Amino acid sequence: MVILGIETSCDETAAAVVRDGKDILSGVIASQVPVHSPFGGVVPELASRMHLEYIIPVIERALGNAAIAAKDLDAIAVTRGPGLVGALLVGLSAAKAMAYALQKPLIPVNHLHGHIQAAFLSEDMPREPFVCLVVSGGHTALYRVDPQGDSLLLGATRDDAAGEAFDKIAKLLGIGYPGGVAIQKLALGANPGAIAFPRSRFEKDSLEFSFSGLKTSAANFIRSHSAGTFALEDFAASFQEAVVDVLVEKSIKAAKQCGLGGIAAVGGVAANARLRERLAGESAAENLRLYLPPVRFCTDNAVMIAAAAFRTWKRSGPAPDMLALDAFSR
Ligand code: KG4
Ligand code: ZN
């Protein structure tokens with residue numbers, strides 16, 4: 001079954017063609033980073049406008065790279081939410097129009113489900129049940145992924161997502177966007193123990209997260225120290241370490257509490273080199289298998305949407321009333 005996936009939930013316009021949820025025939029991403037960069041974050045109005053500009057060429061290129069004609073697709077899949085509604089609507093409208101004109105089924109995909117399915121794009125095929133850390137700009141949560149494809153929420157952030165904290169602090173430092181990438185770059189080779197930032201852990205068994213205390217503490221540090229009085233690199237490394245410490249600790253704790261043998265990490269922050277390194281070391285020490293998708297499938301992409309759609313299709317078929325489908329923000 002050959003599926004065209006379309007993703008426009010935030011600031012990447014993406015399309016991909018995937019066969020049977022695993023054979024990647026093409027994957028195209030038009031990044032809007034240069035457009036939003038001057039503002040230090042995503043400007044929703046600009047995102048919608050750029051999606052409009054990019055969507056048709058991106059879909060055409062995905063079909064071209066896969067050497068497949070639109071009429072030979074078996075279905076069209078699209079992210080329906082959560083995300084920026086104006087951005088989502090561009091992809092959703094394009095997908096509906098294609099599905100209607102070509103008389104193909106439309107498969108709506110939840111963006112989070114897409115990220116979770118990226119675990120199956122890891123080199124090592126995950127064996128369910130496993131723990132999945134979903135860590136992105138909008139979400140930070142732990143799920144238990146079961147063989148039938150269900151994901152059970154084990155714990156989530158009480159406030160900010162980890163990626164959001166990276167982005168806000170990078171913006172305050174004026175070091176660029178997306179913040180996680182900028183902080184990772186600065187942190188390379190610097191001292192992660194230079195500044196003692198707080199770690200929120202809650203009760204002993206808690207699988208919840210909180211990053212607002214860390215964010216406030218880092219923001220206060222920036223405000224109370226004038227530029228040049230501290231090493232930016234050490235600040236970045238210390239901040240990154242505080243985020244990574246909690247993410248790694250809770251992922252391992254979740255696997256142990258649930259008696260599961262494997263951990264996957266997905267979403268934009270799972271592209272973080274320090275997080276990947278720490279997860280690798282600590283899961284090996286605990287005898288847990290680790291499933292990490294390649295970095296390009298951690299950040300937003302359409303391959304994961306087409307892959308997720310294949311599993312949704314096998315379970316529940318296409319959307320019954322596809323033209324009535326609406327986007328949702330949360
Ligand atoms: O999954 P994603 O592309 O979009 C959402 O669904 O949110 O995640 C974007 C987030 C941003 O907050 C960005 O700063 C963060 O992922 N991110 C990173 C890295 N690359 C992207 N955070 C830490 N280290 C990275 N290398
Ligand atoms: Zn995402």
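The following exchange goes through backbone geometry, the ligand site and a few residue positions in a predicted model.

Colleague: Which residue follows the cis peptide bond that starts at G81, and in which loop is it found?

Modeller: The peptide bond that starts at G81 is cis, with omega near -10 degrees, and it leads to P82. P82 sits between a strand and a helix. The residue is P82, and its loop is the one between β4 (75–81) and α3 (85–102).

Colleague: What is omega for the peptide bond from E128 to P129, and where does P129 lie?

Modeller: The loop that holds P129 runs between α4 (111–117) and β6 (130–135). The bond from E128 into P129 is cis. Its omega is near -5 degrees.

Colleague: D20 is not a glycine; what is its phi, and is the residue buried or exposed, or partly so?

Modeller: D20 belongs to the loop between β2 (12–19) and β3 (23–31). Its phi is positive, about 55 degrees. Buried would require under 20% relative accessible area and exposed over 50%. D20 has 28% relative accessibility, so it counts as partly exposed.

Colleague: Where is F202, and what is its phi?

Modeller: F202 is in the loop between α6 (179–187) and α7 (212–224). Its relative accessibility is 31%, so F202 counts as partly exposed. F202 is a residue other than glycine, yet its phi is positive, near 65 degrees.

Colleague: Which residues come nearest to ligand 1?

Modeller: There are 21 residues around ligand 1. A residue belongs to that set if one of its heavy atoms lies within 4 Å of the ligand. Those that come nearest are G137, D167, G180, Q184 and N272.

Colleague: Which helix gives the most to the shell around ligand 1?

Modeller: Helices α4, α5 (162–173) and α6 each supply at least two residues of that shell. The one that gives the most, with 4 residues, is α6.

Colleague: How many residues of each class does the shell around ligand 1 have?

Modeller: Glycine is counted among the polar residues in this classification. On that basis the shell around ligand 1 has 2 charged residues, 6 nonpolar and 13 polar.

Colleague: How far is an oxygen atom of ligand 1 from an N or O atom in the side chain of D167, and what other polar contacts are there?

Modeller: The side chain of H111 has an N or O atom 3.2 Å from an oxygen atom of ligand 1. With D300 the partner is a polar backbone atom, 3.0 Å from a ligand oxygen. For the side chain of D167, the distance to an oxygen atom of ligand 1 is 2.6 Å.

Colleague: What share of the area that ligand 1 exposes when taken alone does the protein bury?

Modeller: The space that ligand 1 takes is the largest pocket. Taken alone, the ligand exposes 550 Å². The share of this that the protein buries is 89%.

Colleague: Why does N301 count as buried, and which backbone atoms does its side chain contact?

Modeller: N301 is in the loop between β10 (289–291) and α10 (303–316). Its relative accessibility is 2%, and therefore N301 counts as buried. The N301 side chain reaches the backbone oxygen of T299 at 2.8 Å. A polar atom of that side chain also lies 2.8 Å from the backbone nitrogen of M304.

Colleague: Is K185 buried or exposed, and how far is its C-alpha atom from that of N272?

Modeller: K185 lies in helix α6. It is exposed because its relative accessible area is 68%. K185 and N272 are 87 residues apart along the chain, and their C-alpha atoms are separated by 9.8 Å.

Colleague: What separates the C-alpha atoms of F297 and F130?

Modeller: F297 is placed in the loop between β10 and α10. At 6% relative accessibility it counts as buried. Along the chain F297 and F130 are 167 residues apart, while the separation of their C-alpha atoms is 19 Å.

Colleague: Where is I175, and how far apart in space are I175 and D11?

Modeller: I175 is in the loop between α5 and α6. With 25% relative accessibility, I175 counts as partly exposed. I175 and D11 are 164 residues apart in sequence, and from C-alpha to C-alpha the distance is 19 Å.

Note on methods. Residues are numbered from 1 along each chain as its sequence is written. Chains are lettered from A and ligands numbered from 1 in the order in which they are written. This is a predicted model: local features need pLDDT of at least 70, side-chain atom pairs count only at pLDDT 80 or more; totals for chains, interfaces and linings use all residues. Side-chain values use heavy atoms; hydrogens and water are left out. Buried means under 20% relative accessible area, exposed over 50%, partly exposed in between (1.4 Å probe, protein chains only). A polar contact is a pair of N or O atoms within 3.5 Å; within protein, one must be able to donate a hydrogen and the other to accept it, and residues adjacent in sequence count only if both atoms are side-chain atoms. Accessible areas come from the Shrake-Rupley method with a 1.4 Å probe; for residues, only the protein chains shown count as cover. On a 1 Å grid over the protein atoms alone, a cavity is a set of points where a 1.4 Å probe fits but cannot get out, and a pocket is an open set with protein on both sides within 12 Å along at least five of seven lines; lining residues have an atom within 4 Å of a point. A molecule sits in a cavity or pocket if more than half of its atoms lie within 2 Å of its grid points.
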